[in-house]
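Visitor: I should like to learn how the packing of helices is read from a model. May we work through an example together?

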Amino acid sequence: MKPQKRVYGRRAGRPLNTSRVSALDTLLPQLAIPAELLNEKAETRIESLFNTPAASYWFEIGFGNGEHLAALMARNPDTGYLGAEPFINGMSAFLKSIHDVPHDHVRILMDDAMMIANSLEDRCLDGIYVLNPDPWHKKRHHKRRIINQKNLDQFARILKPGGQLIMSTDVPDLAEWMVTEAVQHPAFDWTAQKADDWRTPPPGWIKTRYEEKGARGADKMVYLIFEKA
Ligand SMILES: C[S@@+](CC[C@H](N)C(=O)[O-])C[C@H]1O[C@@H](n2cnc3c(N)ncnc32)[C@H](O)[C@@H]1O
């Protein structure tokens, strides 16, 4: 049987320089979630991933070069973070950036984020970030978009009641897609009351690299915050 394709898009780009290779060699084995805990049986206890229990747990999906995740880690040392990024250049940049600062409260996967989501026990996360996910513009590729009913089922399962799903994008069509999918899902409530709530970054917002670059239009950025009922 053909193996299931789990990640669309690039997994590697330009060759890595030595400092990135060295960060990967030292930190990936230390911080990667062990394969046996990624068995997608919805039974992995989140505490079992960390050396010490954390006050709360958040998951960043597709963290790119990890600037947002690294900034969160520095800001909230009592929070346990999970991060997934299949692109080796992004993963190595993230690991290099946290090499010389405290990093025992993050655990990572260089693969499809849904392997983590499908493995975690019920109601263990305080929040999930999906920031600037790949837009997959062509209609025939829409099914590749990470926000869909099947994946939202898993996010709803692993979030605690009141847990947050925070999404952003500057692609209008994807913004509409993500709102429609999440509004349609029975487990999620949109917290926005007025347009400003989704057009302006929430207080304390950390810009991702993608957003920092101004990409195609920072003016089109939307910030979508949903709460698990
Ligand atoms: C447009 S980039 C945004 C990166 C970052 N969040 C930012 O805002 O700068 C989308 C990222 O999602 C990652 N990605 C794509 N499919 C993924 C999957 N199934 N699981 C985890 N990450 C994924 C890509 O490798 C890429 O780094």
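Visitor: At what angle do helix 1 and helix 3 pack, and how far apart are their axes?

Guide: Two packed helices are described by the angle between their axes and the distance between the axes. Here, helix 1 (residues 18–31) packs against helix 3 at an angle of about 80°, and their axes are 8 Å apart. Axes are lines fitted to C-alpha atoms, for helices over the stretch in contact, with angles from 0 to 180 degrees between N-to-C directions. Helices (H or I, at least four residues) and strands (E, at least two) are DSSP runs, numbered from the N terminus. Helix 1 and helix 3 are therefore roughly perpendicular to each other; angles of 65 to 115 degrees count as such, under 35 as roughly parallel, over 145 as roughly antiparallel and the rest as oblique.

Guide: A word on the source is due. This is a predicted model, in which local features need pLDDT of at least 70 and side-chain atom pairs count only at pLDDT 80 or more, while totals for chains, interfaces and linings use all residues. Residues are numbered from 1 along each chain as its sequence is written.

Visitor: Which residues make the contact of helix 1 with helix 3?

Guide: Helix 1 contributes S19, R20, A23, L24, L27 and L28, and helix 3 contributes S92, A93, L95 and K96. Contact requires C-beta atoms, placed from the backbone, within 7 Å. By class, this contact has 6 nonpolar, 2 polar and 2 charged residues. Ala, Val, Leu, Ile, Met, Phe, Trp, Tyr, Cys and Pro count as nonpolar, Asp, Glu, Lys and Arg as charged, and the others, Gly among them, as polar.

Visitor: What angle is found between helix 2 and helix 3?

Guide: Helix 2 (residues 67–75) and helix 3 (residues 88–98) pack at about 25°, with axes 9 Å apart. That makes helix 2 roughly parallel to helix 3. In their contact, L69, A70 and M73 of helix 2 meet F94, S97 and I98 of helix 3. These residues divide into 5 nonpolar, 1 polar and no charged.

Visitor: How many helices and strands does the protein chain have?

Guide: The secondary structure comes to 8 helices and 7 strands.

Terms used: Contact = placed C-beta atoms within 7 Å.
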